[in-house]
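Subject: Structure handover

Hello,

Here is the structure you asked for. My notes on it follow below.

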Amino acid sequence: MVYARLILMRLFKAVIVLFLIVIFNFLLIQLAPGDPAAILAGEAGAADQEFLDQLRERFGLDQPMYVQLWHYVSGIAMLDFGYSYRLGVPVFDLIMDRLPATLLLTGTAFVLSLVLGIVAGSMAAARVKKPSGSLIMALALVFYATPLFWVALMSVVVFSVYLGWLPAYGLYTVGAGHTGLALVLDVAKHLVLPATTLALFFMAIYTRMTRTSMLDAAQQDYVKTARAKGLKPGIIQRRHVLRNALLPIITLAGLQAGQMVGGAILTETVFAWPGIGRLMFEALQQRDYNLLLGIFFFSAALVIVFNIITDLVYSLADPRIKKGAA
Amino acid sequence: MSFFARFAQNRGALVGLIILLLIIAMAILAPLLFPESPWRMVQRPFLPPLSQDGFPLGTDTMGRNVASGLMHGAWVSLLIGLVSTSVALLIGVPLGAIAGYYGGIIDDILMRFTEFFQTIPNFALAIVLVAIMQPSITSIVLAIAIVSWPPVARLVRAEFMSLRNREYVEAARLVGQSNTTIILRQILPNTLSPIIVLASLMVATAILLESALSFLGLGDPNVMSWGYMIGAARTVIRQAWWLSFFPGVAILLTVLALNLVGEGLDDALNPKLSRER
């Protein structure tokens, strides 16, 4: 019951936010340079007035502003994001086509960064004031400060060009015709570099957070009690400290979802990973504004879905939330 | 202990400060050491580093001097980082101050507004804004400011909420000072330390954002920037790794230095709160 209400509340909020983003998108289209019809005609090479008017009519650009807004909003409510001006394909189809690759990449990077970050952070917390602990934190700071796209490029140079261990581009080997397990392995091989480079930055964040959070939790009374009971330090660290330290990390992980999308745009661009991030880069290069805004809306929706999931995980992990819900 | 003594106690912060000063020196010396435009083609392309006098870092795909680009790029990165952070402060500080000071419905509305901006994926929004406004220093600065003000508003709001009922604020109210005066003269000065710390970290993030935008081809076409250099060399990474390598190191060092300085400022300005490191 409590969960149902929590979910309903969050969904209601999500719809409002998405509605605002749609209006925001519409305003941005109006600000975009040039008449979309002229852009389209320029591409086709024939810019006579009649053809322009025809195009305008076809895309509804001859209607008054509020009618256009209404068409736009009601269209998106029915998952109609219009056409890509360049490719002539519905934006929604393009995005759906690319979404699985992005989910695979960000999902892998998310799990990887969370696991490695929590392990590294706990190790650093257990080694406060020791050189090994400081080394972990120094590394985390360096990864935090490194531009993601640069790590991606450098990993291509080292692991792909120089060592020749891993493929640098794409989702699978084109023309190899792998099926079944061979295909899975092939994709996994292609996934290693993009997922690792995307994970590094977030791993740095989780490492720092885990360490701080564990040091805080170690000061709590229940930890002192556990120590007074004579429990082994290892058990205290795992059962009492880490468990409680995880809560703020879940919250933080939820907040990082938006950053993850941004990171995916850069990683996918470098590795030619056929996800929506790469699609955004392509839309950008061709100034395909409708496609660009469609992807923008979609990435925001993804973040909201992810936020709702983290909220639910959080309320499951911390039973105290139940009472405060609603 | 003096401010600087506390700052210098954090050895990392000192290292950060030195790196930062070197990069500022690079930015200042760029027009003196390389008076020619970094866009000019001056040698044959793809010259490897250290292979010819005057081109310590080689030349790029168009025969432009990489060392010159690196020096001129320092100026752009620092400028965009500083200006966009200032603009973000100009948006975030007033919003946070008003929300925290007045509370109630004003706070509610302003916080929903802030939350909205926090939900939208940062980098995607920045891309869309720059693409629509057309790439230029102004549009990049605005886009970065628009995506980075929410944490400022939240921080300032929290500070104002905890300070608004302090005795000295009550006293100012009794004396008959206006709300504006109390906000600006009584409370705001007491929130400066955390704002300064946050701002130094924001400059770092802004530099990262700017480099990522110009990497994607959304940089100002008239200024040489580190992100652009990496982006332009992306497709020739197999033949000429150094074209991407050096600008990346420059970004890394700058961002790292700013983060270290931020931590040092935190220690120096909030001595009570400074954690053990």
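Two residues are taken to be in contact if their C-beta atoms, placed from the backbone, lie within 7 Å. On that basis, chain A puts 40 residues into the contact and chain B puts in 30 residues. On the side of chain A that touches chain B, the elements giving two or more residues are α1 (2-31), α6 (131-145), α7 (148-162), α11 (257-271), α12 (276-285) and α13 (289-317) of chain A. That side of chain A consists of 33 nonpolar and seven polar residues, with no charged residues.

Please keep in mind that this is a predicted model. For the complex, the predictor reports an ipTM of 0.87 and a pTM of 0.88. The mean pLDDT of chain B is 87, and 97% of its residues score at least 70. Among the elements of chain B, the lowest mean pLDDT, 81, belongs to helix α1 (residues 3-9), and the highest, 95, to helix α6 (residues 137-148).

Annotations

Both chains carry a UniProt annotation "domain: ABC transmembrane type-1", from unreviewed entries. In chain A the annotation covers residues 99-314; this span is 83% helix and 0% strand, and its end C-alpha atoms lie 26 Å apart. In chain B the annotation covers residues 74-262, a span that is 81% helix and 0% strand, with end C-alpha atoms 19 Å apart.

UniProt (unreviewed entry) also lists "transmembrane region" for residues 12-34, 74-102, 123-147, 195-219 and 240-261 of chain B. Of these, residues 195-219 of chain B are 84% helix and 0% strand, with 28 Å between the end C-alpha atoms. Residues 240-261 of chain B are 91% helix and 0% strand, and their end C-alpha atoms are 33 Å apart.

Details in chain A

Helix α8 (residues 180-218) of chain A has 39 residues and would span 57 Å if straight, at 1.5 Å a residue, but spans only 48 Å between its end C-alpha atoms. Where does α8(A) bend? The bend is at L191(A) and amounts to about 40°. A proline, P194(A), follows within four residues.

L104(A) is part of helix α5 (residues 91-126) of chain A. Is L104(A) buried or exposed? L104(A) counts as partly exposed, because it has 18 C-beta neighbours inside 10 Å, and a residue needs 20 or more to be buried. L104(A) and G275(A) are 171 residues apart in sequence, yet their C-alpha atoms are 9.2 Å apart in space.

Regards

Methods:
Residues numbered from 1 in each chain as written. Chains lettered and ligands numbered in written order. Predicted model: local features only at pLDDT ≥ 70, side-chain atom pairs only at ≥ 80, totals over all residues. Expected span 1.5 Å × (residues − 1). Bend = angle between axes of the 7 residues up to and from the residue. UniProt positions renumbered as here; feature names shortened; annotations may be inferred. pLDDT = per-residue confidence, 0-100. Nonpolar A, V, L, I, M, F, W, Y, C, P; charged D, E, K, R; others polar. Buried ≥ 20, exposed ≤ 12 C-beta atoms within 10 Å, placed from the backbone.
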